[in-house]
Amino acid sequence: MRADSGFRVDLPDWMGEFSEKLPRYLPTARERMAVAVSLADQNVRRRTGGPFGALVVAEDSGEVVALGVNRVEPQLCSAAHAEIVALSVAQRVMGSWSLAGTRLGPLQLVTSCEPCAMCFGAIPWSGVSSVLCGATKADAEASGFDEGAKPGDWVEALERRGIEVRTGILREEAAKILERYAARGHTIYNP
């Protein structure tokens, strides 16, 4: 067995230019979700990962903190979901393992699809105060993805922890990316 000296997930090269073209602030839920959907779309079009995009923003101002895309296949890492990548980058940017109580105030996770079981579990531990979702679990599963054993009352479960959740924002646009990914025969990575 060989122990590597480190672990990291690399973002695709195109994300630097994508980030530079973004406005610094995304004031509305629709603007924030449009970025998550665009990240998912670019990731599929450029063949740099799965059909999922996410970002972390300051909840009140909409200041963009971090971007993430699904990197499962190219990074050989089952945990490299867009939400995990965006949360991890945000934690680096903020200089803390917790995104609670940052200098920007409460932070929000914006994801092109409702979280799978793994990402659902990571949300409370990340410290974000709210979550915006695009496509649904049903949309992801209709494309062939296994979203895992997430509780049926997942929204209420997060809200009991003080994390506000809004779903279905730009759902149709986000679901089309999942459909296109599956229709083109890209890998549906399931256990």
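Visitor: Why is Arg-160 called exposed?

Guide: In this predicted model, Arg-160 has a relative accessible area of 60%. Exposed means over 50%, so Arg-160 earns the word.

Visitor: And what makes Asp-153 partly exposed?

Guide: Asp-153 has a relative accessible area of 33%. Buried means under 20% and exposed over 50%, with partly exposed in between, so that value falls into the middle class.

Visitor: How do you know that Arg-160 and Asp-153 meet in a salt bridge?

Guide: Their side chains come to 3.3 Å, N to O. The cut-off is within 4 Å, so the pair qualifies. A search of the whole structure finds 9 salt bridges.

Visitor: Let's turn to Glu-63. What makes its contact with Arg-24 a salt bridge?

Guide: The closest N and O atoms of Glu-63 and Arg-24 are 3.2 Å apart, and the limit is again within 4 Å, so this counts too. Glu-63 sits in the loop between β1 (53-58) and β2 (64-69), and Arg-24 in the loop between α1 (14-21) and α2 (29-45), so the bridge ties together parts 39 residues apart in sequence.

Visitor: Are Glu-63 and Arg-24 buried or exposed?

Guide: Glu-63, at 13% relative accessible area, is buried, while Arg-24, at 54%, is exposed.

Visitor: Why is Asp-41 called buried?

Guide: Its relative accessibility is 14%; buried means under 20%, so Asp-41 fits. Asp-41 forms a salt bridge with Arg-45 at 2.8 Å, N to O, and both lie in helix α2, 4 residues apart, about one turn of the helix.

Visitor: Which residues are linked in a network of salt bridges?

Guide: Asp-41, Arg-45 and Arg-180 are linked that way.

Terms used. Residues numbered from 1 in each chain as written. Predicted model: local features only at pLDDT ≥ 70, side-chain atom pairs only at ≥ 80, totals over all residues. Heavy atoms only, no water. Helix = DSSP H or I, 4+ residues; strand = E, 2+ residues; numbered from the N terminus. Buried < 20%, exposed > 50% of the residue type's maximum accessible area, 1.4 Å probe, protein only.
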